[in-house]
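The following explanation is intended to be read alongside the sequence and the coordinates. Please keep both at hand while following the text.

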Amino acid sequence: MRELSLHLLDIAENSIAAQAKTVEIAIREDSRTDRLHMSVRDDGRGMDQEMAAQVIDPFVTTRTTRKVGLGIPLLKAASEACNGFLEIHSTPGIGTRLEVEFQNSHIDRMPLGDIASTILHLVIANPQIRFIFRHQVDENEFFFDDEPIKRELADIPLSDPLVISYLRDEIEAGIETIQPAMA
Amino acid sequence: MPVIKTLDDLKKIREEALEKRKVKTASGQIEVIVGMGTCGIAAGARDTMKAILETIQNDNLSGIIVKQTGCVGLCEKEPIVQIVIGEQPKITYGKVTGDVARQILKEHVVDGKVVQNHLITL
C-alpha cells in the first residue's frame, strides 16, 4: 500500500469486522510540530492485551490458533521509519483506538493520497455504521458526520446515484477547503 | 471555490429518488459486493470500488445496493466483486480492475449477461 489513505481504509475494515456501530477517523497535520497524526476509534468488540500485542507484531507469538493480518504491522513499520509510532488501546466490550504518527516532512513518509475516496467508500458500503471524520490542517478543520445525512435520507440507499454525487461533492469540497493556500 | 452542500439539498435528493422509484420496474434488488480485506485493498479494491460508484453516478443506475465484505479466502484472486440479482445465485468475479468493474456493471447488472472471462467458479 503506497498511500496512507489506503492504510486508513484497511484499519477501518478492522473496526467493521469488530462489529463497531460508530467509527471515528481523524487526521491532524501540524506544520509547527512537523507531525502527522492519524487515529481510528471504534466501539466494536475490542481486544484483550494479548490479542492487541499480537495484531501489532504477529511473528513474536507462538500462538497458532488465530489468524491475524499484516495491515497493522506494515503501517507500524512505516511510521517508525519516519520517526513516528503506532499504538493500540483496546478494551474488550468497549472498543479500540489506534493511533499512528509520522514526522510530516520525513522523506519516506507515504503521501496521504485519496482520503476522499477512502471516506466515501466506507460511508456508502457500510450504511449500518456511523462514520465520523475529522481532518485538521493546522488551524483549518473539516468535520463530517454521516448521521444527519442518513436521517434525512431515511430509506433512500446511500448508493443511489444522486446520493453518491452529493456525498462525493461534500467530502471532496470539505477536504479541499482545509488545504493550505498555494503561495 | 468548493461549495459545501446543505441538508436542504438532501431533501430534494430524497424527493427525486422517491419519484424515480415509482417508475422503476420490480426486477428484484441488485447487490454489488466488493472484497475490502487487506488483500483486496492491496490488490486495488479501492480503485474497483471507485469505478463502481462512478459508473452508478455517471450512468444514473438506481436500485443498486453497494456493499463490502472482508477477506473471503481467495486472496490471490482479489480484487473480488460479487453480484446478487434478486433471488438468483450469487456470481463471483476475480481480478476485477476498474475497467472490468465497469464491464460487469454494464453487461451483467444492466443487460443481465454474465462476464465469462472473470468468473470464479466456487
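The paragraphs below treat the complex as a whole, then chain B, and then the sheet of chain A.

The structure is a predicted model. For the complex, the predictor gives an ipTM of 0.87 and a pTM of 0.91. For chain B, the mean pLDDT is 88, and 91% of the residues reach 70 or more. Where pLDDT is low, the predicted coordinates should not be read in detail.

The contact between the two chains involves 35 residues of chain A and 33 residues of chain B. On the side of chain A that touches chain B, the elements giving two or more residues are H1, helix H4 (115-125), helix H5 (147-153) and helix H6 (161-177) of chain A. Of these, H6(A) contributes the most, with 12 residues.

Chain B itself contains four helices and five strands. Read from the N terminus, their order is α-β-α-α-β-β-β-α-β. Along the principal axes, the C-alpha atoms of chain B occupy a box of roughly 45 × 40 × 20 Å. Of its 122 residues, 32% count as buried. Sequence-distant pairs feature strongly in the contact list: among contacts in chain B between residues at least 6 apart in sequence, 66% join residues at least 24 apart.

Helix H4 of chain B merits a closer reading. It comprises 13 residues, 98-110, and at 1.5 Å a residue these should span 18 Å; the C-alpha atoms at its ends are 17 Å apart, which agrees. The helix nevertheless has a kink of about 25°, centred on Ile104(B). Ile104(B) is also one of the buried residues of H4(B), together with Ala101(B), Leu105(B), His108(B) and Val109(B). An α-helix has 3.6 residues a turn, so residues three or four places apart point the same way. What do the buried residues of H4(B) pack against? Their partners in chain B are strand E1 (30-35), helix H3 (45-58), strand E2 (64-69), strand E3 (81-85) and strand E4 (91-93). After H4(B) comes Gly112(B), with a positive phi near 80°.

A contrasting environment is found at Pro89(B), which lies in the loop between E3 and E4 of chain B. Is Pro89(B) buried or exposed? Pro89(B) is exposed, because 7 other C-beta atoms lie within 10 Å, and a residue counts as exposed when that number is 12 or fewer. Between the C-alpha atoms of Pro89(B) and Cys39(B), which are 50 residues apart along the chain, the separation is 25 Å.

Attention now turns to the sheet of chain A. Its six strands form an open sheet with mixed pairing, in the order E3-E4-E2-E1-E5-E6. Strand E3 (85-91) and strand E6 (140-145) of chain A stand at the edges; each has a single partner strand, so one side of each is left without a neighbour in the sheet. On average, neighbouring strands of this sheet are turned by 5° against each other, direction ignored. At one edge, E3(A) runs antiparallel to strand E4 (residues 95-103) of chain A, and seven bridges join the two. Within this pairing, His89(A) stands opposite Arg97(A) in E4(A). Helix H1 (residues 4-17) of chain A packs on the sheet, where it touches strand E1 (22-30), strand E2 (35-42) and E4 of chain A. The direction of H1(A) makes about 20° with that of E2(A). H1(A) thus belongs to two settings, since it packs on the sheet and is also among the elements giving two or more residues to the side of chain A that touches chain B.

Note on methods. Residues numbered from 1 in each chain as written. Chains lettered and ligands numbered in written order. Predicted model: local features only at pLDDT ≥ 70, side-chain atom pairs only at ≥ 80, totals over all residues. Pairing = 2+ DSSP bridges. Axes fitted to C-alpha atoms, helices over the stretch in contact; angles between N-to-C directions. Contact = placed C-beta atoms within 7 Å. Expected span 1.5 Å × (residues − 1). Bend = angle between axes of the 7 residues up to and from the residue. Buried ≥ 20, exposed ≤ 12 C-beta atoms within 10 Å, placed from the backbone. pLDDT = per-residue confidence, 0-100.
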